[in-house]
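Please open the structure in your viewer and keep the selection tool ready. This tour moves from one selection to the next and says what is there each time.

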Amino acid sequence: MTRQFLNSMSGRQHALLITGICLMAVLLSVGLIQEIRIPQKRISSVSTHMTIRQIAPKLGVSGKALARELALPLNAKKHKPLNEMGIRHERLIHVVNHLIGHRSSPIKYYLFSALVLWGWLFLTQIGRPPKMALNQRKKWYPRLGYIIPLLASVIVAGFLLGKSPNPMEGAVKVFKSMVGLYPHVWEKIAAFAFFILLAVVGTKLICGWACPFGALQELIYTLPLFKKIKRHKLPFAVTNAIRVALFLTMLLLLLSGVVGRKKGFVIYPYINPFNLFNLDVEAASILMTIIAALGVSLFFYRPFCQFICPFGLLSRMVERFSFYRVTIIDMAACTHCGACAKAVPCRQWQGV
Ligand code: SF4
C-alpha cells in the first residue's frame, strides 16, 4: 500500500515530501540544541531547612503553588524553614519531583511543530495522489503515515520527554498563573498561545497529530474491537455540555475560593491523565481517570478529549479561523449515509 501510494504521487508531491521531512529534521535539531543548553535542576540542592521563598524559584513556581503542593495554607509563612512547619524530607522530595515533572521541555515544542507539519502535509498536500481515481479515496491514505506519528507522539512526546508541556496544561496554567500559582504569567500565556496557534494553522492538527494523550486514545480506538458499539455515538451537544460544565466549575472554584477558602483550587490536576507520561499516578483520582479514559477509548472515540479536556474546548473556539479545516457540511442536504466518516483518513480502516 505504501509503495503504491508513493508511486502514485506526482513530482510536486515528492518534492513536498522531501522538503517536509527536511524541515522536520531542522525543527528537531534546533529543539535538541535548545534542550541541551537548558541546565537541569538538581533536587539535591533543596532541603527542609530551606524556606518556601528559597525553594520555589528553583522549581519555577510561585510560593503559593509550592505551599499548596506541600498541603500548607496558601498564606503560609514563606520565610519560615519547612521543617518548622512540619514538612518532612520525603514529602519535600516527592513534591519537588512532581513539580520538576512540570518543567517545560523546549524540544517538545519543536516536536509538536514537526508532528503538526507532518499532519498538515499528509492531509492536505501529499495525501491526494493525482493519479488515483476519486472513488479510491479510502486508499489514498496509507496507514503507516498516520500510525507512525501517533506512536512518535505517545512514545517520544509522552513517555520519553515527560508530560510537560502539553496542550491541556498549557490552557490550565494560564488560569493558575492568573491567581498567583505560577510566576511569569506571560510565559504561560505564550505557551498557551503556541498551542492555540497550531490549532489556527489547521483544525485539530495539534490534537489529532501531536498531543500524546490524544494519540494514545486514538491508537486504542483503532484496535479492531467493539465495532458494533463504535457505531453508536453520543451527540456532540451532550459531550460538549459536560466539558463546558467542568470548565466553568474549574473557573468558579479557582476564582472564588469556595473550597476550604483556598483560592487557587483547580480540578484538572486531580484528573490529569498526562501524569501517565511521568509515571506519576499515585493519586487515586488520576489513576482512575487514566484507566477510565483508556478503557472507554476501546469503544468510544477519545473520551477524555470529548468530555473533559479544556484545551479541546478552548481550541474549538478559534478553529473557525483555522487556515485549514473541514468544509462545513450542508446539514440540509446530508442523508446521513456515513460516507464522509468512512472516508476520513484517520479512521478509514476501522469501518466506523
Ligand atoms: S483535546 Fe486535550 S487531550 Fe485531547 S488531543 Fe486535544 S489537548 Fe490532547
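How many residues does H9 have, and how far does H9 reach from its first C-alpha to its last? If you select residues 167-178, which form helix H9 in this predicted model, you will find that H9 has 12 residues and reaches 18 Å between those two atoms, close to the 16 Å expected at 1.5 Å a residue.

Keep H9 selected and look at its surroundings. The helix is mostly covered, with 11 of its 12 residues buried, and the buried residues include Pro167, Met168 and Val172 as well as Glu169, Lys173 and Lys176. What covers the buried residues of H9 includes H10, H11, helix H14 (236-256) and H17. If you move on past the end of H9, you come to Gly180, whose phi is positive, near 85°.

Next, select the ligand together with the residues around it. Pro167 and Met168 are among these residues, and so are Cys207, Cys211, Cys305 and Cys309, along with others that include Phe213, Arg302 and Phe311. Helix H9, helix H12 (212-221), helix H16 (303-307) and helix H17 (310-318) each supply at least two residues of this shell, which divides into nine nonpolar, two polar and one charged.

Now turn to helix H8, residues 144-160, where Tyr146, Pro149, Leu150, Ala152, Ser153, Val154, Ala157 and Gly158 are buried. What covers the buried residues of H8 includes helix H6 (106-126), helix H11 (205-210) and H12. Just after H8, you can select Gly162, which takes a positive phi of about 85°.

The next stop is the nonpolar core. In soluble globular proteins, nonpolar side chains tend to be buried together. Here the largest nonpolar core has 56 residues, and those with the most contacts inside it are Phe112, Leu115, Val116, Ile206 and Ala210. Several helices, including H6, H8, H9 and helix H15 (284-296), each supply at least two residues of this core, and H6 gives the most, with 13 residues.

Which residues does Val116 touch, not counting residues up to four places away in sequence? Select Val116 and look for Leu198, Val201, Leu205, Ile206, Trp209 and Ala210, which are the residues that Val116 touches on that count.

For the last stop, select Ile55, Leu59, Val95 and Leu181, which are included in a second, separate core of 15 residues.

Note on methods:
Residues numbered from 1 in each chain as written. Predicted model: local features only at pLDDT ≥ 70, side-chain atom pairs only at ≥ 80, totals over all residues. Near = placed C-beta within 6 Å. Helix = DSSP H or I, 4+ residues; strand = E, 2+ residues; numbered from the N terminus. Nonpolar A, V, L, I, M, F, W, Y, C, P; charged D, E, K, R; others polar. Buried ≥ 20, exposed ≤ 12 C-beta atoms within 10 Å, placed from the backbone. Contact = placed C-beta atoms within 7 Å. Core = buried A, V, L, I, M, F, W, Y, C linked by C-beta atoms within 7 Å. Expected span 1.5 Å × (residues − 1).
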